[in-house]
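Here is my note on the model you sent. The points are numbered so that you can reply to each in turn.

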Amino acid sequence: MTRMIRVFDTTLRDGEQSPGASMNVEEKIMVAKQLARLGVDIIEAGFAYSSPGDFEAVRRIAQEVEGPTICSLARARPEDIDRAWEALKGAPKVRIHTFLSTSDIHLKHQFRMTRDEAKKRAVEMVQRARGYVEDVEFSPMDASRSDPAYLYEVIEAVIAAGAGTINIPDTVGYAVPQEFGRLIRGIREQVPNSAQAVISVHCHNDLGLAVGNSLAAVFEGAGQVECTINGIGERAGNTALEEIVMGLRTRKDFYQADTRIRTEEISKTSRLVSKITGMVVQPNKAIVGANAFAHTSGIHQDGLLKDKTTYEIMRPETLGIVWRMGSWLPALGRKGTGSRPQRSTTLLQVVGN
Ligand code: MN
């Protein structure tokens, strides 16, 4: 049976932390509306406490964008949780996402808390958030560098306190797929109440492994992935939404998992985010790069002319792009159903580029 994986988009929060990628409130609303058309399950609209601009963006997106659950990030501090609620209140589908580190490195050097103090704080803040909303997510920051035994203890305690989603961040992009998958399996096996929560993952791409780690986590039972359009985000970025979504869609046979994303909106969303943030998409980027569907090898072209499945694992039309004016461009019209050109023309023009 195919499991449906929730897509939690953090383009407007972690993505916006990319150097030079800041967006104003109107731009964020535009992106959020497109994310709703794309069909993401949750939009992390910002970090309400962090600035008046973020507060306003969260508030307006929660009020104006229909479909997805709208989420605000909040540190595990009362004033952050309260501010997140102020931004979200009155909106139909909302979530508070609170976080606190569980790694000794962070607790000792950054938070100056003991393990017991951190666990107690995490529980109190989840309870405080649950006093406002039903839907609470907790992230043990730097989970991939935490002592698993302590991590599992904290997870058990915050689930008991009412967190419905437990997000496991590889905050510094240190994890590798087999190990990260094992960590997720460990949560399912070692945390007695883990079945009461959705296990989520939030990966960074410092070693180029964000998507690989996320897929390994889904394989081991994760039910939510956090990601951004074009993989933008802090440092080397986050899991790219288009890659994790197409990875699952294309290899559903292996993962037995899929998402509710309307893939025909992927190309359009990628271009909108690139334009607004000024973050250029590299030409050889998987799924949304300009060359992602350009075949130049004569042998490959020969095969494609005979049958597309010889060298094409995904159809460009699936992503809402069609061949126009000498390159792959978003389909005109809402549905992305533009027809594909004569194959021979396509191939010859691609070679010419
Ligand atoms: Mn992050």
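1. Is W85 buried, exposed or partly exposed? W85 is partly exposed, because its relative accessibility is 22%. Buried would need a value under 20%. Please keep in mind that this is a predicted model.

2. W85 has an aromatic partner. W85 and Y132 form a stacked pair, with 5.4 Å from centre to centre and 10° between the planes. The pair links distant parts of the chain. W85 sits in helix α3 (residues 78-88) and Y132 in helix α5 (residues 115-132), 47 residues apart. Y132 is partly exposed too, at a relative accessible area of 30%. The total for the model is four aromatic pairs.

3. Another of these pairs has a different geometry class. F219 and Y255 meet edge-to-face: the centres are 6.4 Å apart and the planes make an angle of 85°. F219 lies in helix α8 and Y255 in helix α10 (residues 252-255), so this pair ties together parts that are 36 residues apart in sequence. F219 counts as partly exposed, at 47% relative accessibility. Y255 counts as buried, at 18%. The cut-off for buried is under 20%. F219 and Y255 also belong to one aromatic cluster with F254.

4. A charge over a ring deserves a look. R83 lies over the face of F55. The distance to the ring centre is 3.8 Å.

5. Next, the metal. Which residues coordinate the manganese ion? The donors are D14 through OD, H202 through NE2 and H204 through NE2. Their distances run from 2.0 to 2.2 Å. The spacing of the donor residues in sequence is D-x187-H-x1-H. D14 and H202 link distant parts of the chain, 188 residues apart. D14 is in the loop between β2 (6-9) and α1 (25-38), whereas H202 is in strand β8 (residues 198-203). Water is not among the atoms, so the site may look incomplete.

6. How accessible are these donors? D14 counts as buried, at 3% relative accessibility. H202 is buried as well, with a relative accessible area of 6%.

7. Helix α8 holds two residues I would inspect. N213 is placed in helix α8 (residues 210-219). It is buried, with a relative accessible area of 0%. Beyond its neighbours within four places in sequence, N213 is in contact with D170, A175, V176, P177, F180 and C203. The C-alpha atoms of N213 and M1 are 22 Å apart, with their positions 212 residues apart along the chain.

8. S214 is also found in helix α8. Which residues does S214 contact, leaving aside its neighbours within four places in sequence? They are V201, C203, V225, T239 and I244. S214 counts as buried, at 0% relative accessibility. C203 is thus on the contact list of N213 and on that of S214.

9. T250 is in helix α9 (residues 241-250). T250 is partly exposed, with a relative accessible area of 27%. Not counting residues up to four places away in sequence, T250 touches I313 and M314. T250 and I313 are 63 residues apart in sequence. In space, their C-alpha atoms are 7.4 Å apart.

10. Now the domains. The domain assignment gives domain 1 (3-239) and domain 2 (281-352). Their centres, taken over C-alpha atoms, are separated by 35 Å.

11. Finally, the overall picture. The protein has 13 helices and twelve strands. The C-alpha atoms fill a box of roughly 65 × 40 × 35 Å along the principal axes. What radius of gyration does the protein have? The value is 21 Å, which agrees with the figure near 20 Å for a compact globule of 353 residues. Buried residues make up 56% of the 353 residues. Among contacts between residues at least 6 apart in sequence, 72% join residues at least 24 apart.

Conventions
Residues are numbered from 1 along each chain as its sequence is written. This is a predicted model: local features need pLDDT of at least 70, side-chain atom pairs count only at pLDDT 80 or more; totals for chains, interfaces and linings use all residues. Side-chain values use heavy atoms; hydrogens and water are left out. Domain bounds come from an automatic or database domain assignment. Helices (H or I, at least four residues) and strands (E, at least two) are DSSP runs, numbered from the N terminus. Buried means under 20% relative accessible area, exposed over 50%, partly exposed in between (1.4 Å probe, protein chains only). Contact means heavy atoms within 4.5 Å. Donors are N, O and S atoms within 2.8 Å of the metal (3.2 Å for Na, K and Ca); water is not among the atoms, so sites may look incomplete. Rings of Phe, Tyr and Trp (its six-membered ring) pair if their centres lie within 6.5 Å; planes under 30 degrees apart count as stacked, over 60 as edge-to-face and the rest as tilted. A charge sits over a ring if NZ of Lys or CZ of Arg is within 6 Å of the ring centre and within 35 degrees of the ring normal. The radius of gyration is taken over C-alpha atoms; the globule rule is 2.2 Å times the number of residues to the power 0.38.
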